[in-house]
Number of protein chains: 2
Amino acid sequence: MYLRMFKVITGEWERLWSTMARAADRLDAIREAHSLQSQSKNTDRMEDYLEVIYELIKKKGYATTVDISKHLSVSSPSVTKMLQKLDESGHLNYEKYRGIVLTEKGSEVAEGMHDKHNLLVEFLRMIGVKEEIANRDAEGIEHHLHPETLKKLTDFVRTAKKVRPR
Amino acid sequence: MYLRMFKVITGEWERLWSTMARAADRLDAIREAHSLQSQSKNTDRMEDYLEVIYELIKKKGYATTVDISKHLSVSSPSVTKMLQKLDESGHLNYEKYRGIVLTEKGSEVAEGMHDKHNLLVEFLRMIGVKEEIANRDAEGIEHHLHPETLKKLTDFVRTAKKVRPR
DNA sequence: TTTTAAGTTTAGCCCAAGCTAACAAACATA
DNA sequence: TATGTTTGTTAGCTTGGGCTAAACTTAAAA
Ligand SMILES: [Mn+2]
Ligand SMILES: [Mn+2]
Ligand SMILES: [Mn+2]
Ligand SMILES: [Mn+2]
């Protein structure tokens, strides 16, 4: 089997053998993970936009194109395009030049992101990660939490808070 | 669940509490997070391919196009294209129809992913997440860990294991 | 009320990463 | 050695999410 086969023959058999079982498990795990990507879900980016829009509305009562663009570090045309997409998908009602209103569907997604972000930062701070880095990592991780993981992490953080020293 | 494990984190509480007020401005935190995306980095997808290639080579001594495609649930042309890209970026040496060898650079990235994945699954299992879900989430989260977070989480898991090993 | 400035959208492009169909190389077997 | 099968690559298209430049709306100033 090609040139690599010779590597097996002449290679380090001990190392190969000792990690055989574990490597196999890992590959299965990875395949499982990559195959089970839930279909027809919101993209990470949609979630990011919804999260920012939600926070802006909470803070000022409305969310403008420029404000959104600043908080996501993207151009305003990118924001407009995403707003059209989120309107199309029913996450918000968008009237051009006029404004945005989150729908029930959009609010639910946004609140979900808010809560996950919160939880993650809280946990990361607990184990000693600095605020800024905690926020940066949370911004990425928040899109990859299975409901069960969310629940278990929530339980963990809540229990840990109970043992907070005076 | 690890009953005494909570003690581990209690030392961090003072610091966490003192920054709660600052944590309130969620919008600033989000802007900061999105603006600090380091340029010229490997994409998540590159990391996924490298991880799988690394595991396959560890297991069988070589990694074929078809095997990679199966473990990532993508078509073989997609794999070929990424192999060309990873060759171009110096992560591996690729000779078409012949085979792949990870370079030092590629191995480092791949081992990093392997370790992060490991760590994450270990942590998630600790707080009670089922193996399959732990693997799925780890597959997404592994790409979003700042070095400091990695270190702190490693410390946490190690300490927690000492508190109640096995 | 006209003019200007600020904000927003459209047009048209780019890039990563995916796909299918067609083609080519390598290997196995008669 | 000739030939069919398996595996891998190329060609060309699609989609999501970026971008800049140009056009358009709205709001503010003159
Ligand atoms: Mn995010
Ligand atoms: Mn967030
Ligand atoms: Mn991954
Ligand atoms: Mn992984």
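Okay, one definition before anything else: when I say buried, I mean under 20% relative accessible area, with a 1.4 Å probe and protein chains only. Keep in mind that this is a predicted model.

With that cut-off, Glu139(A) and Glu142(A) are both buried. They also sit at the metal site. The manganese ion (ligand 2) has Glu51(A) and Glu142(A) each giving two OE donors, plus ND1 of His117(A) and an OE of Glu139(A), at 2.1 to 2.7 Å. Along the sequence, those donor residues are spaced E-x65-H-x21-E-x2-E. So what about the geometry? The arrangement is irregular, because the 6 donor atoms subtend angles of 53 to 158°. And there's a neighbour: the manganese ion (ligand 1) is 4.4 Å from the manganese ion (ligand 2), with Glu139(A) coordinating both.

Right, on to the DNA. Which residues come nearest to strand C? Out of 24 around it, they are Gln84(A), Tyr94(A), Thr43(B), Arg45(B) and Lys85(B). Of the strand C atoms within 4 Å of the protein, 72% belong to sugar or phosphate, and the rest to bases.

Some of the phosphate contacts, then. Gln84(A) has a side-chain N or O atom 2.4 Å from a phosphate oxygen of strand C. For Thr43(B), a polar side-chain atom is 2.6 Å from a phosphate oxygen, and for the side chain of Thr80(A) the distance is 2.9 Å. As for elements, those giving two or more residues to this surface are α4 (65-72) and α5 (76-88) in chain A, and α5 (44-60) and α7 (76-88) in chain B. The most comes from α7(B), with 5 residues. By type, the surface near strand C splits into 10 nonpolar, 9 polar and 5 charged residues.

Notes. Residues are numbered from 1 along each chain as its sequence is written. Chains are lettered from A and ligands numbered from 1 in the order in which they are written. This is a predicted model: local features need pLDDT of at least 70, side-chain atom pairs count only at pLDDT 80 or more; totals for chains, interfaces and linings use all residues. Side-chain values use heavy atoms; hydrogens and water are left out. A residue is near a molecule or strand if one of its heavy atoms lies within 4 Å of it. A polar contact is a pair of N or O atoms within 3.5 Å; within protein, one must be able to donate a hydrogen and the other to accept it, and residues adjacent in sequence count only if both atoms are side-chain atoms. Helices (H or I, at least four residues) and strands (E, at least two) are DSSP runs, numbered from the N terminus. Ala, Val, Leu, Ile, Met, Phe, Trp, Tyr, Cys and Pro count as nonpolar, Asp, Glu, Lys and Arg as charged, and the others, Gly among them, as polar. Donors are N, O and S atoms within 2.8 Å of the metal (3.2 Å for Na, K and Ca); water is not among the atoms, so sites may look incomplete. Four donors count as tetrahedral if all angles lie between 85 and 135 degrees; four count as square planar and six as octahedral if opposite donors are over 155 degrees apart and all others between 65 and 115; anything else is irregular. Buried means under 20% relative accessible area, exposed over 50%, partly exposed in between (1.4 Å probe, protein chains only).
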